[in-house]
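User: Please take a close look at one part of this structure and explain how it sits among its surroundings. I am in my first year, so plain wording would help.

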Amino acid sequence: MARAGLVDRAASIARSIADPDRQAEALAAVARHADPDRARPLAVRALRLGSWHRTADLLAALAPDALTTIADDLLRAHARTAPDRTDPHPQV
């Protein structure tokens, strides 16, 4: 439907999906076929409902800086929680 240019109708149907993960996937799919101004709010809602990694390609297209920020935050969080591999006596 969105591919055919019926973005508003497709978005309305996507928003009616009860399961949050499926709704997020549907909204992201609609956003991929919308112009950037219409795609952004759909992408935001998809991100709020589902996992960011399922919409990473969409996020990269709409806001590449946001994806870079997410990646940086994830790497910092991982560095804080990863064991120190240089410590010869790691704490268990």
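**Helix packing and the nonpolar core**

Analyst: Leaving aside residues up to four places away in sequence, I70 touches W52 and L59. This is a predicted model, and the contacts of I70 are one place to start reading it. I70 lies in helix α5, which covers residues 64-81. I70 counts as partly exposed because its relative accessibility is 25%, and the buried class requires a value under 20%. One of its two partners, W52, is 18 residues away along the chain, yet the C-alpha atoms of I70 and W52 are separated by 9.1 Å.

The helix that holds I70 belongs to a chain with 5 helices and 0 strands. Read along the sequence, the pattern is α-α-α-α-α. The protein chain has 92 residues, and 25% of them count as buried. Among contacts in the chain with a separation of 6 or more, 36% are between residues 24 or more positions apart.

Next come the pairs of helices. Two packed helices are described by the angle between their axes and the distance between the axes. For helix α2 (residues 20-31) and helix α3 (residues 36-49), the axes come within 8 Å and cross at roughly 160 degrees. An angle over 145 degrees counts as roughly antiparallel, so α2 is roughly antiparallel to α3. The crossing of these two helices is left-handed.

Which residues of α2 and α3 meet? From α2 come P20, D21, Q23, A24, L27, A28, V30 and A31, and from α3 come A39, L42, A43, R45, A46 and L49. Sorted by class, this contact has 11 nonpolar residues, 1 polar residue and 2 charged residues.

Helix α3 also meets α1. The axes of α1 and α3 come within 12 Å and cross at roughly 10 degrees. That angle is under 35 degrees, the limit for roughly parallel, and α1 and α3 are therefore roughly parallel to each other. Here V7, D8, A11 and R15 in α1 meet R38, L42 and R45 in α3. The contact of α1 with α3 divides into 3 nonpolar, no polar and 4 charged residues. L42 and R45 appear in this contact, and they also appear in the contact of α2 with α3.

Between α1 and α2 there is a loop, and D19 is found in it. D19 is partly exposed because its relative accessible area is 36%, a value that is neither under 20% nor over 50%. D19 and L49 are 30 residues apart along the chain, and their C-alpha atoms are separated by 9.4 Å.

The last topic is the nonpolar core. In soluble globular proteins, nonpolar side chains tend to be buried together. The largest nonpolar core here has 18 residues, and V30, L42 and L58 touch the most other members. Helices α1 (7-15), α2, α3 and α4 (56-62) each supply at least two residues of this core. The largest share, 6 residues, comes from α2.

V30 and L42 were already named in the contact of α2 with α3. As for L58, what does it touch, not counting residues up to four places away in sequence? The partners of L58 are A28, A31, R32 and A43. Of these, A28 and A31 are on the α2 side of the contact with α3, and A43 is on the α3 side.

Key. Residues are numbered from 1 along each chain as its sequence is written. This is a predicted model: local features need pLDDT of at least 70, side-chain atom pairs count only at pLDDT 80 or more; totals for chains, interfaces and linings use all residues. Side-chain values use heavy atoms; hydrogens and water are left out. Axes are lines fitted to C-alpha atoms, for helices over the stretch in contact, and angles run from 0 to 180 degrees between N-to-C directions. Helices (H or I, at least four residues) and strands (E, at least two) are DSSP runs, numbered from the N terminus. Angles under 35 degrees count as roughly parallel, over 145 as roughly antiparallel, 65 to 115 as roughly perpendicular and the rest as oblique. A crossing is left-handed if the near helix is turned anticlockwise from the far one by less than a right angle, and right-handed if clockwise. Contact means heavy atoms within 4.5 Å. Ala, Val, Leu, Ile, Met, Phe, Trp, Tyr, Cys and Pro count as nonpolar, Asp, Glu, Lys and Arg as charged, and the others, Gly among them, as polar. A nonpolar core is a set of buried Ala, Val, Leu, Ile, Met, Phe, Trp, Tyr and Cys residues joined through side-chain atoms within 4.5 Å. Buried means under 20% relative accessible area, exposed over 50%, partly exposed in between (1.4 Å probe, protein chains only).
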